[in-house]
Amino acid sequence: MVLVALGFVFGAWLLQQQPSLYDSYFPSIFIGLQALWILAPSLAILIYFNRSLHQLGVNQKVLKNLGNLLVAGLLGFVWAANVAAVRLSDELPKDWQQKSINVIGVVASLPEVTERGERFKFDVEKILTPQAPFNQIHVPQHISLNFYRNVKSPRPENAPSASNHFHAGERWQFTIRLKRPHTTYNPHGFDFEAWALAENMRATGSVHSKSGYKKLTNFVWRPTYVVENLREKVGSRISQTLENKPYAGVIRALVVGDDSQITQDQWNVFLRTGVNHLVSISGLHITMLAGLAFAMASFIWRRVPSLVMHMPARKVATIAGLLVAVVYALLAGMSVPTQRTLLMLTTFAIALLFGRNLAISRALAIAVLVVVMVDPWAVIAPGFWLSFGAVALIAYITVGRLKPFSAFKTAVHTQWAITLGLLPLLIVMFGQASIISPVANAFAIPVISLLVVPLSILGSLMPVDFILHAAHFVLEICMQGLVFLSDLPTWQQAAPPIWALLLAVLGVLWLLLPRGFPQRWLGFILFLPLFFVSPAKLAKGEMRATVLDVGQGLAVVVQTRDHTFLYDAGPRFSTQSDAGSRIVVPFLRGVGIKKLDGFIVSHDDADHSGGATSVLAQLPVTWLISSFGMDNNLHEISTKKSIRCFAGQTWLWDQVKFEVLAPTLASYENANIKDNNRSCVVKVSSQFGSLLLTGDIEKEAENALFEDVIEDTALQANVDKASGEDIFSRLKSDVLIVPHHGSKTSSTREFVQAVSAQHVIFTVGYLNRFKHPKPLIEKRYEESGALIHRSDFQGALTLDFTRINNISVNALRQSQPRYWHDKY
């Protein structure tokens, strides 16, 4: 069973690595049938000649296990392909993106309050927009909608006077505009398209408030909507009871799974201490609550002999634990990670109820098999590997022990095993591991799982306020300890190669063998490559620039041999999220960068500076340069050297030259200059190519830059301006980040001609509201002979300026495509 489960999981995982579903699906069936056709007679021959094979030293059991592994892998691959094909068939036609569609449907989830309105899942029941014979509309059944408040828009008919317009279970008529799921695709980043596919959320969009919207039914009676309505009421009770309490958002997240009210500072504390898994509805909470219910039911049942005669206490306790797990999972919204945990617990519970004395390895294998069959995308979720890995480690160190440890020693040993055992996975998946995580988890797990969560649930379901206040009080004490620990350092490491990960896992298993086992020191040797294998360094004079895909914004990381420079940090998405924490920092950690030697924020626009605060909070930065006033909040946050940018600033790192071309120092005295035109313009030059970073400069700044460079070059070269000799050498660049995302207010013909770039990159958001890049500007660069690149279509772009290839451009959507990604 263990081999079958491993083979099935590997097959499902292999499917998730495919660039195209059908290109891999149909050949897999053909190969599978061919393999079975070849294997069947081969296995028959092997069995027939068993005695001869035994005499030759061939172990038939090994061949049988290998056959089981291969067949299970094939079944896993084909099963995952079939489930994916069905899920992908429910899609929004590309032609109907961002077009107004009139629909009727039901609010299918607890609405999340956002800065500008509300967000909720919506089940589409009927399309009212007239359909053309040759242009049929298909709206996916399950979509996600945003409602943006607008004081000028009319109030919805029959809407309540409360701040929330919408409630779970209500039927509404909307005019909506939708997009297909689209991710900002970056190395070591979150893949929203994969997540949306796993969640069966096949389109995202917004309610067109100006077109009006109308509530048709107060409540649609369906079990899922009843549960969501209950969750909404429980969430409202928590928010009202703990109003103005600092950790009310954390309590709400622990009970109903809505983490939208947790602040960014609180998330930073959880991430740095390694307890972020405790904040969401994790498998740990469900398991601990089920275990608590099991222990209480068993204790009470055993005290009544007549009850024990009717049913064994163990079975009653199992039913009680499972019921508590189901109730909590429903209250938490039945998210995909919650479903995985519930399926695992259900598998164990069924085995106990039917009296099957399953080995822990077999029970775990069945649970893994069931989870992957229900959710084939679980194999690409970090939570899947971490949760099952933790259970497997606990079983590895405890099952079969002849002399059990004391309770305290067992707890310490278990914590040590989980910390050590999950370290390789944490480094591979997140690029860091908290050094103080074992200490933080040692007191946070029992406090949150056994005190805060039960008290929060009890207080939410009972009309007694002091229970919720007690839960918040306990959490507040716990948070004080976590805040103290969060100031201690974390270990950051570049994502290691697969061979180093496998050696580390083997080293963990070796180290956790019982005391006295010979040559345990070999485990340490196997573990070492995980920490000392690092990416190959660039040579002096070489550089690598990574243009991150941050949507409508900009963030560029430039690496030389021994230095790292960041230009802009992308946009702010909400009060809880920005490109700095979601994209820039995970990328830097993933490639092993532990500090920034320099950081320039080009200007004070949210799509360029929105993520800067998170970067400064999570990484050491040697110096910060920007065009902001010195009273800006960023300069106050930065504890290092912080100055304004101005033309003439230069520095040399590893034979790579960095030069600020604009704005001039005198321009700061002119208050009429727009922020866009005060962007810090930086040219990075190596012997293998150059890169021009332009921020959001517009026509006026381009002309000023053009004139300044002419004057400066003429003075330096001591030549006549009219001759044009060597005038444009400082503007000319091999690669250009297009000014202002391709706006029509930028990229004049003179500027395009002066730069004469071989490659131009438009950093734009998918179907952005500004409609960047403008077709006129895109055509202008095409006519100049430049190769066009777009971050929305190609994802993150890595440019290598090396002696081998001179300039090479690698687009992530082309180099690492997945079948769920849209093709452009």
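## The loop between β12 and β13

In this predicted model, aspartate 568 is located in the loop that joins β12 (564-567) to β13 (572-574). The phi angle of aspartate 568 is near 70°, a positive value in a residue other than glycine.

## The eight-stranded sheet

Strand β12 belongs to an open sheet of eight strands, arranged in the order β17-β16-β15-β12-β11-β10-β25-β26 with mixed pairing. The edge positions are taken by β17 (641-644) and β26 (806-811); each has a single partner strand, so one side of each is left without a neighbour in the sheet. On average, and with direction ignored, neighbouring strands of this sheet are turned by 15° against each other.

Within this order, β15 is next to β16. Strand β15 (residues 598-601) pairs with strand β16 (residues 623-626) in the parallel sense, over three bridges. Phenylalanine 599 has leucine 624 of β16 as its bridge partner.

## The seven-stranded sheet

Another open sheet consists of seven strands in the order β18-β19-β20-β21-β22-β23-β24, and its pairing is mixed. Its edge strands are β18 (650-653) and β24 (787-790), each of which pairs on one side only. The average turn between neighbouring strands of this sheet is 15°, direction ignored.

Strands β19 and β20 pair in the antiparallel sense over five bridges. Alanine 662 takes part in this pairing, with valine 681 in β20 as its bridge partner.

## Cis peptide bonds

Alanine 662 also precedes a cis peptide bond: the bond from alanine 662 to proline 663 is cis, with omega near 5°. Proline 663 is placed in the loop between β19 (656-662) and β20 (681-686).

A cis peptide bond is likewise found from histidine 772 to proline 773, where omega is near -5°. Proline 773 lies in the loop between β23 (759-762) and α28 (775-783). Strand β23 is a member of the seven-stranded sheet.

## Packing of α14 against α15

The axes of helix α14 (residues 360-374) and helix α15 (residues 382-398) come within 10 Å and cross at roughly 170°. Angles over 145 degrees count as roughly antiparallel, and α14 and α15 are therefore roughly antiparallel to each other.

On the α14 side, the contact involves Ile360, Leu364, Ala367, Val368, Val371 and Val372, which meet Phe384, Phe388, Val391, Ala392 and Ala395 of α15. By class, this contact has eleven nonpolar residues, no polar residues and no charged residues.

## Packing of α7 against α18

The axes of α7 and helix α18 (residues 465-486) also come within 10 Å, and they cross at roughly 110°. Since angles of 65 to 115 degrees count as roughly perpendicular, α7 and α18 are therefore roughly perpendicular to each other.

Ala248, Val250 and Ile251 of α7 make the contact with Leu468, Ala471, His472 and Leu475 of α18. The class division of this contact is six nonpolar, one polar and no charged residues.

## Cavities

The model has two cavities of 30 Å³ or more. The largest cavity holds about 40 Å³ of space. Its lining consists of Val250, Leu254, Phe270, Leu278, Val279, Ile448, Leu475 and Met479. The elements that give two or more residues to this lining are α7, α9 (276-279) and α18.

The lining of the largest cavity divides into eight nonpolar, no polar and no charged residues. Val250 and Leu475 appear both in this lining and in the contact of α7 with α18.

## The second largest pocket

The second largest pocket has a volume of about 560 Å³. It is lined by 30 residues, of which Asn164, Ser236, Ser239, Gln240 and Arg252 are the closest to its centre. Two or more residues of the lining come from each of α6 (223-241) and α7 (248-256). Helix α6 provides the largest share of the lining, six residues.

By class, the lining of the second largest pocket has ten nonpolar, 13 polar and seven charged residues. Helix α7 thus recurs in three settings: the contact with α18, the lining of the largest cavity and the lining of the second largest pocket.

Definitions and conventions
Residues numbered from 1 in each chain as written. Predicted model: local features only at pLDDT ≥ 70, side-chain atom pairs only at ≥ 80, totals over all residues. Heavy atoms only, no water. Axes fitted to C-alpha atoms, helices over the stretch in contact; angles between N-to-C directions. Helix = DSSP H or I, 4+ residues; strand = E, 2+ residues; numbered from the N terminus. Parallel < 35°, antiparallel > 145°, perpendicular 65-115°, else oblique. Contact = heavy atoms within 4.5 Å. Nonpolar A, V, L, I, M, F, W, Y, C, P; charged D, E, K, R; others polar. 1 Å grid on protein atoms, 1.4 Å probe; cavity = no way out; pocket = protein on both sides within 12 Å on 5 of 7 lines; lining within 4 Å. Points joined across faces, edges and corners; volume = space filled by probe spheres on them. Pairing = 2+ DSSP bridges.
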